[in-house]
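Hi,

Here is the structure I promised to pass on. Have a look first, and my notes follow below.

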Amino acid sequence: KALILNGMTSVTDKDLSGVIISFLNSTGGVVGTSDYSVTAQGTPNMTVAVAGGRAWIPNGQGTMTYGTYLDSPVNVTVANNTSGQPRIDYIVLYVNLSASPTSIGDNIPQLADIQGTPASSPSAPTPTQITNVIGAGNPYLVIAQIGQTPTYIPNGVGSINSGMISSLRNYAYFITGQTVTVPQYEEFTDQSVAPANPA
């Protein structure tokens, strides 16, 4: 059947997504080098700043991918650590499929702080811990890790500094190996393999 054609009366988001997944890699990712980058605040506190940008988020079955756009930075609160042990968190960008979209769909892509398991050598959040927070079946990308050797999120933490944050973003790229865009749909970088991840 035709995926999209003027005059069709039953076109679903899966039909529209089918056009995209014909060209994009199955893991999705951000578009520009600074898209959805996560940084500490100028005066560090218990929030981190997520930069605006674009990203493609595939579902777990590889049958759909969701385009997202954040037009201005957003602050995400990192949960206090009162466990008595250091912790590692993820900052996750996800698609809330259970939400009723606004007229422009700006409530569907959401950001969340996901706590890992505190320990003397803490573990990063597992997929189960992620889906317990964001909802099972909601597609997501892990965009940053908060806490790493030796700067974990300590017990009684008062602020998140830049030394605790590492980017886990990947680039979205065409199945030919070309990056989708760097930056914002203006140029292509021809590569025979997947491009390096953004810093």
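Let's begin with β4 and strand β5 (residues 65-70), which run antiparallel and are joined by six bridges. Strands here are DSSP runs of E, at least two residues long, and helices are runs of H or I, at least four, numbered from the N terminus; two strands pair if DSSP finds at least two bridges between them. Before you go further: this is a predicted model, where local features need pLDDT of at least 70 and side-chain atom pairs count only at pLDDT 80 or more, while totals for chains, interfaces and linings use all residues. Residues are numbered from 1 along each chain as its sequence is written, and side-chain values use heavy atoms, leaving out hydrogens and water.

Back to that pair: β4 and β5 make a hairpin with six residues between them, and Gly 62 in the turn has a positive phi of about 70°. Thr 68 in β5 is the bridge partner of Ala 55. On β4 (residues 53-58), five of the six residues are buried (under 20% relative accessible area, 1.4 Å probe, protein chains only). β4 also pairs with strand β1 (residues 29-30), antiparallel, through two bridges, and there Gly 29 stands opposite Trp 56.

Then there's an open sheet of four strands, ordered β8-β7-β9-β10 with antiparallel pairing. Its edge strands, β8 (109-115) and β10 (165-167), each pair on one side only. Further in, β7 (residues 89-95) and β9 (residues 140-146) share six bridges, with Asp 89 partnered by Ile 146 in β9.

Cheers

Definitions and conventions:
Buried means under 20% relative accessible area, exposed over 50%, partly exposed in between (1.4 Å probe, protein chains only).
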